[in-house]
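Okay, thanks everyone for coming. I'd like to spend a couple of minutes on the cysteines in this one, so let me put it up on the screen.

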Amino acid sequence: MAQQDIATLIVRIGMRDREAFDLLYRQTSARLFGVCLHMLNDPAEAEHALEEVFCRVWEVAGRFAVSDLSPMAWLVGIARNHAIECLRSKGRPPGDAAVADASVASAADPVETLEAGAASARIRRCLEKLDAERATALREAYLGGHSYAELAARHGVPPGTMRTWLRHSVLRLKECLDR
C-alpha cells in the first residue's frame, strides 16, 4: 500500500471511518506486530500491545498531520512508544528501538524503503546540525526511550534543563526538516 494511501486512511480514521480503520489494520498490522514482537520478545505480549496500538491510533488519528514524513513511520512510532511503555511497566529496560525500525523497513516494499531511507537521511543531516550532546540526548530520548530523569542523570544536568534541551532540539530539528 502506498504511503499516500496510508495517510488517507489515517485522515479518514480521524473522522471516525470504521472501514478505513479496518483497511489500515489489514494493511499494516503485520508490520506493527513485528515492531512489537521485536521489542517485547513475547508473542502474547506483542499481540496485546498491537491491540493497544490500534486503540491509540483510533484515539489520535484526528491529530495526524499529512507531511513529507512517512505515515508508516508515524504508526511505527506509536507502536515503538507503546512497546517501551510496556517494557517500563514490567521493569524491563527498553532496547535499541532502531532495530525495530529496521525490521519494519525490511518488510516494506521498495518504494517505502526508499522513502524511509530518504527521510532518515534528512533527519540525520538535521541532527548533525545540533550540538553533539543535545543530539545524543534527543536520540536517547526518542530512540532509546529514556526518561527526562535518566537523561538528566546521564548528562549531569537538572531534569528541567534536560526538558529545555529536548524541547529546543525538537524545535530546531523540525525547522530544519521544514526547509
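So, Cys 126 and Cys 176 are joined by a disulfide, with the two sulfurs 2.1 Å apart. Keep in mind that this is a predicted model. For anyone who wants the reminder, a disulfide is a covalent bond between the sulfur atoms of two cysteines.

Where do the two partners sit? Cys 126 is in helix α6, which covers residues 110-128, and Cys 176 is in helix α9, residues 159-178, so the link ties together parts that are 50 residues apart in sequence. As for handedness, the angle about the S-S bond is -75 degrees, and that makes the link of Cys 126 and Cys 176 left-handed.

Are these two buried or exposed? Cys 126 counts as buried at 7% relative accessibility, and Cys 176 is buried too, at 10%.

How many disulfides do we get in total? The count is 1.

Now for another pair of cysteines, Cys 36 and Cys 86. The closest cysteine sulfur to that of Cys 36 belongs to Cys 86, and it's 7.5 Å away. Why no bond there? Because a disulfide needs the sulfurs within 2.5 Å, and 7.5 Å is too far for a bond. Looking from the other side, Cys 86 is in no disulfide, and its nearest cysteine sulfur is that of Cys 36.

And burial for these? Cys 36 is buried, with a relative accessible area of 0%. Cys 86 also counts as buried, at 15% relative accessibility.

That's my bit, thanks.

Methods. Residues are numbered from 1 along each chain as its sequence is written. This is a predicted model: local features need pLDDT of at least 70, side-chain atom pairs count only at pLDDT 80 or more; totals for chains, interfaces and linings use all residues. Side-chain values use heavy atoms; hydrogens and water are left out. Helices (H or I, at least four residues) and strands (E, at least two) are DSSP runs, numbered from the N terminus. Buried means under 20% relative accessible area, exposed over 50%, partly exposed in between (1.4 Å probe, protein chains only).
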